[in-house]
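Please open the model in your viewer and keep the selection tool handy. We will go from stop to stop, with a note on what to find at each.

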Amino acid sequence: MRKGLVIGWLTCLLVSIGLIFWYSEWKYNLPTPIPVNYHPVTTGTRINFPASEAEVIPMGKRPLFLHFFNPDCPCSRFNMPHFRSLVQEYGHRVNFAIVLMTDKPYTAREIQDRFNLPYPIPVIKDSLVAVACGVYSTPQAVIIDTAEKLFYRGNYNRNRYCSDDKSSYARIALEGLLRNNYKQTFDPLALKAYGCQLPTCTQ
């Protein structure tokens, strides 16, 4: 009798874990709902950053790669090793910055330590940067060319663990910009936002 109860309890536990995992996978494979007050920003638009961040954002003679990151978003956490690899590979040719999308009081140092990068990169805390770039979910990549115009805004990968090299969208976009390939086209999955809604979104 006791053995049967234990087996039944373990079975229920395994089924519950499986359902939670399935729900999580299903939820984060759906496109992120577009906020009611969303204003799209098209490719080629000149990006005007908030005055409060103008000195922090590393614009210059290099392209700029913005990583929109929420420490509490599972998709953002899965994405961290991939973003670290991009910094390590392209950091000598591209300026990188992390845009922190959370209401919690994380410091720049805490975020930099989480990524364990070879050198510290700027951490931006103004949510208006997301508005300027047309971002409403995390993780998202934004690439801005040396003319300060939007070249790419979209996903890192169709796989939230960033393990599919063929759909490494952000890396492909970055390579294209570095080759001055402005005629590059992207899979629709690259440009439709997936992941976690931003803390400031109401939908």
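Select strand β5, residues 140-144 (strands are DSSP runs of E, at least two residues, and helices are runs of H or I, at least four, numbered from the N terminus): five of its five residues are buried, meaning under 20% relative accessible area with a 1.4 Å probe, protein chains only. Show the side chains: Q140, V142 and I144 point one way, while A141 and I143 point the other.

A word on the model: it is predicted, so local features need pLDDT of at least 70 and side-chain atom pairs count only at pLDDT 80 or more, while totals for chains, interfaces and linings use all residues. Residues are numbered from 1 along each chain as its sequence is written, and side-chain values use heavy atoms, without hydrogens and water.

Now add β1 (64-69), which runs antiparallel to β5 and is joined to it by five bridges; strands pair if DSSP finds at least two bridges between them. Look for L64 opposite I144.

On to β6, residues 150-154, paired antiparallel with β5 over four bridges. Here I143 stands opposite Y152. Five residues separate the two strands of this hairpin, and E148 in the turn has a positive phi of about 65 degrees.

Next, pick I47, in the loop between α1 and β1. Is I47 buried or exposed? I47 counts as buried because its relative accessibility is 2%. Its contacts (heavy atoms within 4.5 Å) beyond four places in sequence include I144, E148 and L150. K149 is 102 residues away in sequence, yet its C-alpha lies 5.7 Å from that of I47.

Key:
Buried < 20%, exposed > 50% of the residue type's maximum accessible area, 1.4 Å probe, protein only.
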